[in-house]
There are 2 protein chains.
Amino acid sequence: MRKQYKKYDFPVNGIRRYLEPGPIVLVSSRYKGENNIMTMGWHSMMEFTPSLIGCLIVDYNHSHEMIKKSGQCVINLPTIDLLQEVIGIGNCHGSAIDKFKKFSLTPTPAKQIKAPLIKECYANFECKIRDKKLLPKYNFFILEVVKAHVPKTPKYPKTVHYTGDGVFMLSGNHINLSKKFRPENL
Amino acid sequence: MRKQYKKYDFPVNGIRRYLEPGPIVLVSSRYKGENNIMTMGWHSMMEFTPSLIGCLIVDYNHSHEMIKKSGQCVINLPTIDLLQEVIGIGNCHGSAIDKFKKFSLTPTPAKQIKAPLIKECYANFECKIRDKKLLPKYNFFILEVVKAHVPKTPKYPKTVHYTGDGVFMLSGNHINLSKKFRPENL
C-alpha cells in the first residue's frame, strides 16, 4: 500500500529542510506532450531567496533535453516506500517508455509549470531553469523553485540517500540542537 | 574520547560514496600562514573523472577569500562524535580566532596542497579550485579533488546531515540493493 499525502503550499525559501540532507530525488519533466521521470542524486542548495538548486543531469539522460527545451521540471522527494521505483526508474530510458505508467505513478498538474508532479512522492518542488551557464561544460542546471508542495506530517520523511555501488543510506533519527546555535546561524 | 582513524589513499573518482548522501562537511583552508575551518552543507558531486565537487561558500565567510586567494581547501568529513565542533565552528568567525586551537582539532599536512587536513575527521579530500565561473554571481566554487584519505573501517561513517533550524538528521542503516541495478547504472 502506497502512502497518501495531503500536501500544502510550503515557503520556497524553506526547502533546504528537505534537500540539504542529500536525498535521492525523482525529477519529472514534460515536453511536447510526453512525460518523463529520472532518478537524481547530485544536487545542492544554492540560495534561499530566490530559492535556487543546482543539479547535474547528464546529457545522455532523455530528461536532459526535455528539461533544457521546456525550461522546467519538478523535483519530487520519494520516501523509502518508493525505493523499488527509484531504482527501476534509474534502470530504464525514458525515450522508450512512459515511466509513470510503467511504475504506476500518478502525474498530477503543477500550479506554475507544465511538468507533472509525482503524486506518490512526499514533496514536490516546481522548478524553472534560472541559469544555463554551466550546461555546456558540466551538464549542471541552476533551477529556481517557484512552488513547493509539502505535507504537514510526518515532519521529517524517511528518505533514501545513494552512496553508489547499489548501496543506499536510509535517513536516521533527527536531533534538535537549536539551543546550541547563535540565532543568526540557524 | 575522540575517534582515531588510520587513513589510506582512496581513489578520487570514488568519493561519491561519502559526499553524495549529503553530509555536513568541514572545509579547512590556509592562506598567508593562517589556518581556518568552516562548516558547509551546500555541496554536490559534479563529475567522477576528474573528481569534481560544486559547493557554495558565501563571501561573508572568512574562508571564502582564503580559498579564493589560495586556490585550495580540504573537504573533511566529520562524524557524529564531532557534532559539537560542527556547530561551534559554524557559530564563530575565523578572522578573530584560530578554530583549530579553539576546538582542539589537529591540523595535519596535506600531500598535494598547503591547506591542512583535520586529523579527527573520518575522511579528508584535498581540493584545488577548478572553475571560478560561478563565483561572482553565486559564490559557487567548482573544486577538483586531487587526493583522498579514507580509513578502511568503518565502511560507512555515522554522518550528520543538516536540515536547518538547528535540526540534524543522523545517517541511518545502509542497505545493499546492487542486485536490483543494471551493472552500468551502479
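In the predicted model, Ser171(A) stands opposite Ser171(B), a residue of β12(B). This pairing of residues belongs to a longer contact between strands, in which β12(A) is joined by 7 bridges to β12 of chain B, residues 167-176, with the two strands running antiparallel. The predictor assigns the complex an ipTM of 0.96 and a pTM of 0.97, and chain A has an average pLDDT of 96, with 99% of the residues scoring at least 70.

The two β12 strands form part of an open sheet of 4 strands, whose order is β11(A)-β12(A)-β12(B)-β11(B) and whose pairing is antiparallel. The edges of this sheet are occupied by β11 of chain A and β11 (160-162) of chain B, and because each has a single partner strand, one side of each is left without a neighbour in the sheet. Neighbouring strands of the sheet are turned against each other by 45° on average, when direction is ignored. Within chain A, β11(A) pairs with β12(A) in the antiparallel sense over 3 bridges, and in this pairing Tyr162(A) stands opposite Phe168(A) of β12(A).

Across the whole interface, 45 residues of chain A are in contact with 46 residues of chain B. On the chain A side, at least two residues are supplied by each of α1 (16-19), β4 (43-47), β5 (52-56), α3 (83-91), β11 (160-162) and β12 (167-176). The largest share of this side comes from β12(A), which provides 10 residues. Classified by residue type, the side of chain A that touches chain B comprises 20 nonpolar, 18 polar and 7 charged residues.

Two of the other contributing elements, β4(A) and β5(A), are connected by a hairpin through 4 residues. These strands run antiparallel and are joined by 4 bridges, with Ser44(A) standing opposite Gly54(A) of β5(A). A further antiparallel pairing, over 5 bridges, links β5(A) to β10 of chain A, which spans residues 140-151, and there the bridge partner of Gly54(A) is Ile142(A) of β10(A). Gly54(A) thus has a counterpart in β4(A), namely Ser44(A), and another in β10(A), namely Ile142(A).

The strand β5(A) is mostly covered, with 5 of its 5 residues buried. In a regular strand, side chains alternate between the two faces of the sheet. In β5(A), Leu52(A), Gly54(A) and Leu56(A) point one way, whereas Ile53(A) and Cys55(A) point the other way, and all are buried.

Methods. Residues numbered from 1 in each chain as written. Chains lettered and ligands numbered in written order. Predicted model: local features only at pLDDT ≥ 70, side-chain atom pairs only at ≥ 80, totals over all residues. Contact = placed C-beta atoms within 7 Å. Nonpolar A, V, L, I, M, F, W, Y, C, P; charged D, E, K, R; others polar. Pairing = 2+ DSSP bridges. Buried ≥ 20, exposed ≤ 12 C-beta atoms within 10 Å, placed from the backbone. pLDDT = per-residue confidence, 0-100. Axes fitted to C-alpha atoms, helices over the stretch in contact; angles between N-to-C directions.
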